[in-house]
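Work through the exercises below with the sequence and the coordinates open. Each task is followed by its solution.

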Amino acid sequence: MSQENTAITFEILSRAIMNKMGVTREISDDISLRVLNYFGYDDEIIDNVLDQDDRRMFYFLQDVELLSTHWEEVVLPNGRMWRVFYWALNVPKILEYARPRRDESAVEIGLYDSLPEDVWSRQTV
């Protein structure tokens with residue numbers, strides 16, 4: 001299944017927010033719930049549905065790459081141009097940030113570190 005077709009669930013978005021922003025589970029759950037209440041099962045919404053506080057939160061989520069924006073221009077019947085703004089879930093980044101973090105204190109053993117010492121000595125024939 002491609003990332004574009006992956007549904008962003010409450011758990012995935014909450015984990016991504018918690019990992020990316022470094023907030024508590026309670027705060028990430030609250031933000032995730034607020035965001036998904038707007039998006040529902042879609043990955044894009046129109047900006048007009050947001051209230052001022054939530055729009056401010058969406059701009060912050062855009063700054064941390066969890067949301068993105070785009071716009072289109074529409075010609076009105078009177079000939080004027082009208083810009084319509086949209087918010088979209090940044091699915092690849094959300095999935096990336098939702099992955100479990102590696103423990104920073106764990107020491108990674110490389111291939112060469114795992115070889116025995118006698119591999120490094122030269123033997124003359």
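Angles between axes under 35 degrees count as roughly parallel, over 145 as roughly antiparallel, 65 to 115 as roughly perpendicular and the rest as oblique. Keep in mind that the model is predicted.

**Exercise 1.** Classify the packing of helix 1 and helix 2 by angle, and give the handedness of their crossing.

Solution.
- Locate the pair: helix 1 covers residues 10-21, and helix 2 covers residues 25-39.
- Take the geometry: the axes lie 8 Å apart and meet at an angle of about 130°.
- Apply the classes: the two helices are therefore oblique to each other.
- Add the handedness: helix 1 and helix 2 cross in a right-handed way.

**Exercise 2.** Find which residues form the contact between helix 1 and helix 2, and sort them by character.

Solution.
- Helix 1 contributes Phe10, Leu13, Ser14, Arg15, Ile17, Met18 and Met21.
- Helix 2 answers with Arg25, Ser28, Asp29, Ile31, Ser32, Leu33, Val35 and Leu36.
- Sorted, the residues of this contact are nine nonpolar, three polar and three charged.

**Exercise 3.** Describe the chain as a whole: its elements, its burial, its contacts and its surface.

Solution.
- Count the elements: there are four helices and three strands.
- Order them from the N terminus: α-α-β-α-β-β-α.
- Check burial, which means under 20% relative accessible area: of the 125 residues, 27% are buried.
- Check contact range: take contacts between residues at least 6 apart in sequence; 50% of them join residues at least 24 apart.
- Finish with the surface: about 9,400 Å² is accessible, and carbon and sulfur atoms account for 52% of that.

Notes:
Residues numbered from 1 in each chain as written. Predicted model: local features only at pLDDT ≥ 70, side-chain atom pairs only at ≥ 80, totals over all residues. Heavy atoms only, no water. Buried < 20%, exposed > 50% of the residue type's maximum accessible area, 1.4 Å probe, protein only. Contact = heavy atoms within 4.5 Å. Areas by Shrake-Rupley, 256 points an atom, 1.4 Å probe, with all protein chains shown as cover. Axes fitted to C-alpha atoms, helices over the stretch in contact; angles between N-to-C directions. Left-handed = near helix turned anticlockwise from the far one by under 90°. Nonpolar A, V, L, I, M, F, W, Y, C, P; charged D, E, K, R; others polar.
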